[in-house]
Structures are given as C-alpha cells and as structure tokens.
Amino acid sequence: MVRILVVDDSIIMRNIVKNTFAGLKIPFECFEADNGRAALRVLESNSVTIVFLDWNMPGMDGMEFLKTVRAIPQYKDLPIIMVTSERGKFSVIEALQNGATDYIVKPVQEKIFKEKVQEILVLARK
C-alpha cells in the first residue's frame, strides 16, 4: 500500500491532491499536515512512500521542510513532489537543487499529476 503525506496549509488543496491520487486507482493511506513542522512529526512516527509538499505555509515552509528532511540520511531517497503556485524558473531550480524529486505547479492538472506520480512510484519499486 502506498502511504502519502500531503503537506499544505489549505485543506482544499490537500483534498485536491488526495482526490487526484485516488484517481490513480492505487490503494493508499493518506497523512496530512498543514505546515512543515507538523509534517516532520508525521514522518517521525509513520512510514511514508511519497510526500506532496506546498512551498508557502506558516511556521515551517516547504523549502525549510525540504532542506531539513534531506539532511536526515533515512529520508535522502524519499520522493518529495513540490505542489505549489511558485511557478518561476528560479523557484523550480531552487526546489530541485535542494532535493525535490519533481515539481507540479498549481492549479494541479490531473494528467500531469498522474504521469509524474506513476513515474516516481515505478522508480521507487526498483
């Protein structure tokens, strides 16, 4: 079973990501967090297959979470997809340089979401 963590301060966006993932028809369990600190607590107590991460959140934002998680050896290969409204070229580069596995710009396009997630899940199984 795939275990996803959706990190976004918007419950609407968390629901969009969950519902879009459900469209993949893959059995999954979902954890949610509304900022990076809460997401770290989820990771400490749960095994997660893939993280969907917003950039702009109060408390600990997505970039700070990304840098923190990538500094922890056990999470160096954890797939983390940024799902954010930050669409500038330099934002994408910054996220990828800091360890994001992939990047999806809001509003989420279902086809792109599914393609990226399926590719990551195939790679994760190898």
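Asp8 and Lys106 form a salt bridge, with 3.0 Å between the closest N and O atoms. A salt bridge here is a side-chain nitrogen of Lys or Arg within 4 Å of a carboxyl oxygen of Asp or Glu. Asp8 sits in the loop between E1 and H1, and Lys106 in the loop between strand E5 (102-105) and helix H5 (110-125), so the pair ties together parts that are 98 residues apart in sequence. Both Asp8 and Lys106 are buried. Buried means under 20% relative accessible area, exposed means over 50%, and partly exposed lies in between (1.4 Å probe, protein chains only). Helices (H or I, at least four residues) and strands (E, at least two) are DSSP runs, numbered from the N terminus.

The model is predicted: local features need pLDDT of at least 70, side-chain atom pairs count only at pLDDT 80 or more, and totals for chains, interfaces and linings use all residues. Residues are numbered from 1 along each chain as its sequence is written, and side-chain values use heavy atoms, with hydrogens and water left out.

**Salt bridges**

The structure holds nine salt bridges. Three of them are tabulated here.

| Pair | Closest N to O distance |
|---|---|
| Asp8 and Lys106 | 3.0 Å |
| Lys106 and Asp54 | 3.3 Å |
| Asp77 and Lys76 | 3.0 Å |

Lys106 also bridges to Asp54. That pair links distant parts of the chain: Lys106 is in the loop between E5 and H5, Asp54 in the loop between strand E3 (50-53) and H3, 52 residues apart. Asp54 is buried, as is Lys106. Together, Asp8, Asp54 and Lys106 are linked in a network of salt bridges.

Asp77 and Lys76 have another setting. Asp77 counts as exposed because its relative accessibility is 60%. Lys76 is exposed too, at 54% relative accessible area.

The loop that carries Lys106 has a further feature. The peptide bond from Lys106 to Pro107 is cis, with omega near 0 degrees. Pro107 lies in the loop between E5 and H5. Most residues other than glycine have a negative phi, and most peptide bonds are trans. Lys25 goes against the phi trend: its phi is near 60 degrees, a positive value in a residue other than glycine. Lys25 is placed in the loop between H1 and E2. With 71% relative accessibility, Lys25 counts as exposed.

**Helix H1**

Arg14 is found in helix H1. Arg14 counts as buried because its relative accessibility is 11%. Its side chain reaches the backbone oxygen of Asp8 at 2.7 Å. A polar contact, also of 2.7 Å, joins the side chains of Arg14 and Glu32. A polar contact is a pair of N or O atoms within 3.5 Å; within protein, one must be able to donate a hydrogen and the other to accept it, and residues adjacent in sequence count only if both atoms are side-chain atoms. Not counting residues up to four places away in sequence, Arg14 touches Val6, Asp8, Asp9, Glu32, Ala33 and Asp34. Contact means heavy atoms within 4.5 Å.

Ile16 also lies in helix H1 (residues 11-22). Ile16 is partly exposed, with a relative accessible area of 33%. Ile11, Ile12 and Ile16 make a nonpolar surface patch of about 280 Å². Patches are made of residues with over 30% relative accessible area and no salt bridge: like charges are joined within 9 Å, nonpolar side chains (Val, Leu, Ile, Met, Phe, Trp, Tyr) within 5 Å. Accessible areas come from the Shrake-Rupley method with a 1.4 Å probe; for residues, only the protein chains shown count as cover.

**Strand E1 and helix H2**

E1 is mostly covered, with five of its six residues buried. E1 and E2 run parallel, joined by six bridges. Strands pair if DSSP finds at least two bridges between them. Val7 stands opposite Ala33 in E2.

Arg3 has its place in strand E1. Arg3 counts as partly exposed, at 23% relative accessibility. A polar contact of 3.2 Å joins its side chain to that of Glu29. Leaving aside neighbours within four places in sequence, the contacts of Arg3 include Phe31, Asn46 and Val48. Arg3 and Val51 are 48 residues apart in sequence and 8.8 Å apart in space, C-alpha to C-alpha.

Helix H2 (residues 36-45) has Gly36, Ala38, Ala39, Leu40, Val42 and Leu43 as its buried residues. Their cover includes strand E1 (2-7), strand E2 (28-33) and helix H3 (62-70). At the start of H2, a side-chain oxygen of Asn35 reaches to within 2.9 Å of the backbone nitrogen of Arg37.
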